[in-house]
Every structure is written in structure tokens, then in C-alpha cells.
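Reader: I would love a close look at one part of this protein, with the rest brought in where it helps. Could you walk me through it at an unhurried pace?

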Amino acid sequence: MVNLKELHSNDSLPVSYTKDKEGSLVRISAPARHGQGALGLIRHVLLPEGYPDSVSGDYLEYQIWDTVQAFASSISGSLATAAVLQGVGVGDSEATPLAATLTWILKDGAGMVGRIVFAAYSGTSLDYDCKRWRMFADILNDGVMMVELLAGALPKQMVMPTLCVAGVGRSLVGVAGGATKAAVAQHQARRQNMADLAAKDGSQETVVNLMALCVNLALLPIVSGTPNLPFLLFLVLACLHIYSNYRAVSCLVMSTLNMARLNILLDKYKETKLVGSVLETNRAETVLRSAGSGKVRIELGVSLQSLEREEVDSLEQVLRREDPYLLIRREKFVKLLITNLATPRDVYRGYIEGYLGDGCDANVIVTALEDMGWDLGTLALSTQGFVLQVEK
């Protein structure tokens, strides 16, 4: 007798088939499909296909906290929107539609300029330092909403500049929040399913916003007529929003080595001669402030213009040997000149050599990092952008 099994990407148990006397396949077991029942429908609509195997292990915890923060942010946003409308003249008999329209246009225009400038100068750090930038975006978002909430109490001549400043802040939130959300989705996608994951994340956010909308419809009429109550409610929601975001980004376990995680690893290696695990290092990473340059300041991707006369001879040796990088030690910092022959693994090796000193075997440490599950095929370190072109 022939027994066959197949497994649907959204099922947890396989379906069994057997061959009957006539040679046809007959299904002999059928677990409940993902589309049956209310829970099955929710899973099909809100979770990526193939969950949990198609996403990273931190997906569920992250999405739970992300849902909480989105709910708090949506209610806070409604309170701020009501204050903005009051600030531009809604409900004021002396205000004209033209004045309100001009104020809104100037607010949006200031935000557009801020968006362009911020995107130009933030660079790839939004990808590799997405935890910190996500926290930056959410804290700034609460700050912007607080400004908007207070705008209605300001003198009329102060409303327009205040809302323009808030527009710039909201544009920075949009750039940083959108970019870091894409970086997180790329990290969590395990089957080249980033588009599906992003689409389901959008569905989850829409459901949360609909729930918050229902709460807002009941809440706004109550708090709008009570002095100071909207602001007090906003403070409570802002605390919940920031805490939820902190828990969300703190649970992410990324295998790429940015500056913060690499410095944590190397500082620990100096003390214990042991290479930290991916989980342990991610838990030790700070998400509320910049990681800085570590105990040793290393400048990556420096220009040829930064070389002194006595260092040119070392550069010529690098060119003759076709080395991937040149390590230059100064009194207070280390420079790493990168050539076009360098792979991301080579750059990490050069960084480790510069950070730990000549007494370390950087090749051994790099191999140990790979054995611990670190991804050294992606360069997640910020550089000055210069690459020495070596003709082969």
C-alpha cells in the first residue's frame, strides 16, 4: 500500500493519502485548514503565509508590542489632530478658510523640505541601526503630537510657526519610521517573503487603527469639553507608546554586526577571550542612545587625503600585495583605508585588528563570529564612503 503525505504552508499537520484498489489517491486524514473558523481566518488575513516558519523567531513578540504602540499612537494622534484643527481656526468665527488653508499648506511644505534633508543625511544608518532610529522616530512622534496638542492654546501669531516646526518633525518621523519598518521586515522575512510580511503588517496596522477609531469616537466627545484632560490622557498614552516601542525593538535579534553590536562583542572578547552569541549581544545593545565609537575610535573608509607622508610607503606595499585594506594607527584613533578588493568580511577583519591591536589573530576571531551565527556577508558599519580603486 502506498502512503503519501503533503503539508500546506499554512498547516501545522500533514495530510495523508493512500492508493485504493482502482489506483486512485484517497485522502485518509485532513487537519483543519488555516481558512476554517474565526482563528483560521484571522491567521490567514493577518499573518504571513507559512507562519511561523517563514518569519524570524522574534516576529510574534515584536508584533504584539508593535500593535500596542500603534493603538496608543492612533489615539494620541486623534487628540493632536483635534488640537491642530482648533489651531488653524476650526470653530473660530473670525478665522477664514483661506487663512486655515495657507497655514496647512505651509505646515506640509515645511515637512516636505525636512523630509528631503533628513533622508539625504541619515544614509545607511537607518538600515543597520534601525533599533535606535525606530526609538528616535517614536519619541519624536510623541514630541510632535505634544507640540500640536499645545498649539491651540498659543497666540494666533504663534500657531503658524509652531505647526511648521511640528510639520518638520512629523516628516522626520515619516522617513525614519518608514525606513526602519522596512529594515525590520527585511530582517524578519525568512523565505524571500518581505512583500507578504509588509502587506500583513499593513493589515495588522489597519485593524488596530479601526479599533482605535471606535475608541476615539467615544472618547473625543468626553475629553474635548474638559480642560487639561486631553493633555493628561496624552501623557499616559505617550508613556505607553514609548514603553511598547522600547519592548518591541529590544526583542529584535539581528545577526548583522553594526557598530554597537561589534563593539560590545570586542569589549567582551578583550575581557574574557570569548565571542558573544547573537542573542546575548542583541540583549546588551542600547536602543535609547548612540553607541559611540567604543573604547577605540576607528574611522572606516577614509580618504587618501588623510594620509601623512610616512604612511604613503605603507600604501604602496598594500598596492603591491593587493591587500584589501590599510590599517593606520594614530595616537588617539585608528584609520582603515578600504580598497575595492575588500569584501565585507575583510572590512570586519580590519576593524577587529584595529580595535584589539596587533596581538590578536583577527582571522580566528572572524571565523569564531561566523561559527556563532553572525552574518559577516553584509557590511553593517558606517563608513566615510571612500574606496581605493586598485587595478587588477
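Author: Let's start at Arg330, which is partly exposed in this predicted model, with a relative accessible area of 21%. That value sits above the 20% under which a residue counts as buried, so Arg330 falls into the class between buried and exposed. The side chain of Arg330 meets that of Glu308 in a salt bridge, at 3.9 Å from N to O. A salt bridge here requires the nitrogen to be within 4 Å of the carboxyl oxygen, and the pair meets that cut-off. Glu308 is partly exposed too, with a relative accessible area of 35%.

Where do Glu308 and Arg330 lie? Glu308 belongs to the loop between E4 and helix H11 (312-321), and Arg330 to the loop between E5 and E6. The two residues are 22 apart in sequence, so their salt bridge ties together parts of the chain separated by that stretch.

Those strand names lead straight to the sheet. Three strands, in the order E4-E6-E5, form an open sheet with mixed pairing. Strand E4 (298-300) and strand E5 (325-329) stand at the edges, and each has a single partner strand, so one side of each is left without a neighbour in the sheet. On average, neighbouring strands of this sheet are turned by 15° against each other, direction ignored. As a reminder, strands of a sheet pair through backbone hydrogen bonds, either parallel or antiparallel. E4 and strand E6 (residues 334-338) run parallel and are joined by three bridges. For a place to look, take Glu299, whose bridge partner in E6 is Lys335.

Helix H12 (residues 344-356) packs on this sheet and touches E4, E5 and E6. The direction of H12 makes about 15° with that of E5. Within H12 you will find another salt bridge, in which the side chains of Asp346 and Arg349 meet at 3.0 Å, N to O. Asp346 and Arg349 are three residues apart in the helix, about one turn. Are these two buried or exposed? Asp346 counts as buried because its relative accessibility is 13%, and Arg349 is buried as well, with a relative accessible area of 17%. Salt bridges also build a network elsewhere: through shared partners, they join Asp66, Arg134 and Asp138.

A further pair worth a visit is in helix H7 (residues 194-223), which holds both Lys200 and Asp196, four residues apart or about one turn of the helix. Lys200 forms a salt bridge with Asp196, and their closest N and O atoms are 3.4 Å apart. Lys200 counts as buried, at 14% relative accessibility, whereas Asp196 is partly exposed, with a relative accessible area of 23%. How many salt bridges does a search of the whole structure find? The search finds 17.

From charged pairs, let's turn to a nonpolar part of the surface. Met146, Leu150, Leu229, Leu232 and Leu235 make a nonpolar surface patch of about 380 Å². Helix H5 (130-151) and helix H8 (229-250) each supply at least two of the patch residues, and H8 gives the largest share, with three. One of the patch residues, Leu229, has its place in helix H8; Leu229 counts as partly exposed, at 32% relative accessibility.

Towards the start of the chain there is another strand pairing to compare with the sheet. Strand E1 (residues 3-6) and E2 run antiparallel, joined by four bridges. Leu4, for instance, has Tyr17 as its bridge partner in E2. Four of the five residues of strand E2 (residues 15-19) are buried, so E2 is largely enclosed by the rest of the structure.

Finally, here is the wider setting. The secondary structure of the protein comes to 13 helices and six strands. Of its 392 residues, 43% count as buried. The accessible surface of the protein comes to about 21,200 Å², and carbon and sulfur atoms account for 60% of that area. Among contacts between residues at least 6 apart in sequence, 71% join residues at least 24 apart. To return to where we began, the salt bridge between Glu308 and Arg330 links two loops, one between E4 and H11 and the other between E5 and E6.

Conventions: Residues are numbered from 1 along each chain as its sequence is written. This is a predicted model: local features need pLDDT of at least 70, side-chain atom pairs count only at pLDDT 80 or more; totals for chains, interfaces and linings use all residues. Side-chain values use heavy atoms; hydrogens and water are left out. Two strands pair if DSSP finds at least two bridges between them. Axes are lines fitted to C-alpha atoms, for helices over the stretch in contact, and angles run from 0 to 180 degrees between N-to-C directions. Contact means heavy atoms within 4.5 Å. Buried means under 20% relative accessible area, exposed over 50%, partly exposed in between (1.4 Å probe, protein chains only). Accessible areas come from the Shrake-Rupley method with a 1.4 Å probe; for residues, only the protein chains shown count as cover. Patches are made of residues with over 30% relative accessible area and no salt bridge: like charges are joined within 9 Å, nonpolar side chains (Val, Leu, Ile, Met, Phe, Trp, Tyr) within 5 Å.
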